[in-house]
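Q: I would like to go through this model with you, beginning with the ligand site. Could you take me through it step by step?

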Amino acid sequence: MRTIEHIYIDGAFVTPHGDELFELVNPATEQVIGRVRLGDAQDARLAIAAAKRAFPTHSQTSKGERIDMLKRMHEAVSAREDELFEAITEEYGAPISRGRWMARHAAAVLLDAARVLEDYAFERRAGSARVVMQPLGVAGLITPWNSNAGFICGKLAAALAAGCTAVIKPSEMSAMQTRVVTEALHAAGLPPGVFNIVTGRGETAGAEIGAHPDVAKLSFTGSTVVGKSILRNAAETLKRVTLELGGKSPMIILDDADFDIAVPLALEAGFMNSGQACIAGTRILVPQARLREFEDKMARAVADVQAGDPRDARTTVGPMVSRKQWERVQRYIGIGIEEGARLIAGGAGRPDGVSAGWFVRPTVFSGVRNDMTIAREEIFGPVLSIIPYRDTEDAIAIANDTPYGLQAYVCSADQARAGAVASRIEAGRVLVNTLAHEPAAPFGGFKQSGIGREYGVFGIEAFLEPKSVLGLA
Ligand code: NAD
């Protein structure tokens with residue numbers, strides 16, 4: 001069993017002032033696999049001070065220098081792909097194909113930012129003014145456990161590309177992934193203080209970053225409830241804030257859809273990342289007239305979904321990240337049954353034959369009304385709700401009747417019809433007959449799914465402020 005003893009401040013691995021030891025648990029076995037010593041508010045202050053010292057120099061670097069840094073970081077993280085994959089599997093329990101994607105994604109986002117930067121103009125004209133896009137200052141980057149390495153690298157890439165320096169507060173539950181990423185980024189040889197990484201608790205290290213007057217920008221990915229508290233704290237110093245929060249995404253199956261395509265798509269969208277995905281398509285909207293047909297196909301398809309050992313190549317649904325998360329998902333399955341939704345697959349407890357690990361039975365309810373708790377609240381596990389609708393207008397109304405607006409899916413045989421529906425959906429991204437990701441396109445939420453956008457030009461501009469200079473030729 002290993003203990004992760006160090007955080008990363010000012011270009012060096014240092015022992016934190018905080019002395020709490022936090023246990024790391026393999027969610028597939030419930031075995032304690034390590035410990036991490038957590039940084040506290042004082043560590044966060046030291047990291048912020050280092051980032052503040054590094055800002056004047058980094059903010060003056062040229063575009064070419066930053067592109068070079070991002071490419072070095074990309075190479076360094078790519079070189080550790082196998083170790084990162086191991087850490088993701090061990091500590092988070094992602095199934096093999098997902099874990100591999102996550103490890104590659106962490107490296108890919110660095111190169112994506114370098115590409116965006118190549119074509120990005122930091123200066124433009126507006127009338128007689130010269131408008132300069134100026135980096136905001138020290139950025140606080142706070143990540144969740146469900147894709148920790150990818151969020152560290154993605155947020156850091158955008159911040160550094162813009163010319164900001166950074167203090168990262170990763171999820172305390174993802175310390176092994178964080179360690180691999182930190183070692184890789186250290187090897188990329190950036191100047192001290194440009195990025196700092198303090199693994200610690202949200203209420204201590206995270207809250208300090210969220211309130212500190214020397215932090216100009218916060219980029220947070222996590223739950224809506226914590227996101228709201230971040231926004232409240234940030235108001236005191238008027239920090240610029242990007243919030244990527246929860247979702248309850250609709251998968252709208254139009255009445256002309258081919259169910260041999262729609263059912264596998266809905267399952268993949270719903271169960272991605274073992275259901276622990278903010279963008280999971282958890283509300284499946286199905287035309288009432290074809291409900292029985294959809295349910296039959298869905299029940300047969302779910303029977304083939306393997307939930308279990310993440311190291312088994314056939315597994316697509318791994319364990320929940322923790323006992324707490326498992327209990328939360330079980331509670332929602334109970335609520336669905338109590339509220340009168342009809343189980344067509346799965347249910348409470350662990351999958352058959354599984355006695356240990358935080359595994360959930362892949363679960364699908366049908367006959368769900370959109371006002372039921374399981375249709376309104378983010379469950380963050382492999383639990384899907386089929387909601388019947390009368391006609392397309394009704395489907396659009398149900399899709400938009402949610403406090404969230406992160407992502408939506410439309411499935412139809414007719415591109416024009418699907419496009420017309422997509423145009424009326426209140427969500428930051430709408431995917432038509434696909435689950436593809438586009439790193440150049442903005443990502444983020446309408447309504448209570450967040451504020452601001454990540455990825456591409458919009459992602460870099462989230463770390464910049466326009467400044468107009470007048471009177472110069
Ligand atoms: P969480 O909100 O509990 O924690 C997220 C991060 O915030 C962690 O690092 C945590 O330590 C930190 N934190 C907690 N309290 C804080 C505070 N007061 N000040 C500063 N930081 C604090 O979320 P989680 O349980 O780690 O992740 C799951 C949630 O993340 C889900 O709701 C999911 O929808 C959301 N999520 C959203 C996106 C997106 O892009 N929209 C992506 C992934 C996950």
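A: Certainly. The shell around the ligand receives at least two residues from each of α7 (202-211), β11 (215-221) and α8 (224-235). Please keep in mind that this is a predicted model.

Q: Which element gives the most to that shell?
A: That is α7, which contributes 3 residues to the shell around the ligand.

Q: And which residues come nearest to the ligand?
A: There are 27 residues around the ligand, and those that come nearest are Thr143, Lys169, Ser223, Leu245 and Glu378.

Q: What is the make-up of the shell by class?
A: The shell around the ligand consists of 14 nonpolar, 9 polar and 4 charged residues.

Q: Which domains does the shell draw on?
A: Domain 1 (2-245 + 448-469) and domain 2 (250-439) each provide at least three residues of the shell around the ligand.

Q: Let us turn to polar contacts. What lies 2.6 Å from a nitrogen atom of the ligand?
A: A polar backbone atom of Leu245 lies at that distance from the ligand nitrogen. Leu245 is also among the residues that come nearest to the ligand.

Q: What about the oxygen atoms of the ligand?
A: Two contacts can be described. In the side chain of Glu172, an N or O atom is 3.1 Å from a ligand oxygen. For Gly222, a backbone N or O atom is 3.3 Å from an oxygen atom of the ligand.

Q: How much of the ligand's accessible area does the protein cover?
A: On its own the ligand has 850 Å² of accessible area, and the protein covers 88% of that.

Q: Changing topic: how many salt bridges are there?
A: The count comes to 34 salt bridges. One of them joins the side chains of Asp214 and Lys52, with an N to O distance of 3.4 Å.

Q: Where do Asp214 and Lys52 lie?
A: Asp214 is in the loop between α7 and β11, while Lys52 is in helix α1 (residues 41-58), so this pair ties together parts that are 162 residues apart in sequence.

Q: Are those two buried or exposed?
A: Neither: Asp214 is partly exposed, at a relative accessible area of 30%, and Lys52 is partly exposed too, at 44%.

Q: What can you say about Arg311 and Glu86?
A: Their side chains form a salt bridge of 3.1 Å, N to O. Because Arg311 is in the loop between α10 (291-303) and α11 (323-338) and Glu86 is in helix α3 (residues 81-92), the pair ties together parts 225 residues apart in sequence. Arg311 is partly exposed, with a relative accessible area of 39%, and Glu86 is partly exposed at 37%.

Q: Which salt bridge involves Glu327?
A: The side chain of Glu327 meets that of Arg323 in a salt bridge of 3.7 Å, N to O. Both residues belong to helix α11 and are 4 residues apart, about one turn of the helix. Glu327 has 40% relative accessibility and counts as partly exposed, as does Arg323 at 47%.

Q: Which residues are joined into a network?
A: Arg80, Glu83, Arg179 and Glu183 form one network through salt bridges that share partners.

Q: Last topic, the backbone. What is the phi of Asn273?
A: It is near 55 degrees, a positive value in a residue other than glycine. Asn273 is in the loop between α9 (259-271) and β14 (283-287).

Q: Is Asn273 buried or exposed?
A: Asn273 counts as buried, at 5% relative accessibility.

Q: And Lys447?
A: Lys447 is not a glycine, yet its phi is positive, about 45 degrees. Lys447 lies in the loop between β19 (429-432) and β20 (450-451) and is partly exposed, with a relative accessible area of 37%.

Conventions. Residues numbered from 1 in each chain as written. Predicted model: local features only at pLDDT ≥ 70, side-chain atom pairs only at ≥ 80, totals over all residues. Heavy atoms only, no water. Buried < 20%, exposed > 50% of the residue type's maximum accessible area, 1.4 Å probe, protein only. Near = heavy atom within 4 Å. Polar contact = N/O pair within 3.5 Å; in protein donor to acceptor, adjacent residues only side chain to side chain. Areas by Shrake-Rupley, 256 points an atom, 1.4 Å probe, with all protein chains shown as cover. Nonpolar A, V, L, I, M, F, W, Y, C, P; charged D, E, K, R; others polar. Domains from an automatic or database assignment. Salt bridge = Lys/Arg side-chain N within 4 Å of Asp/Glu carboxyl O.
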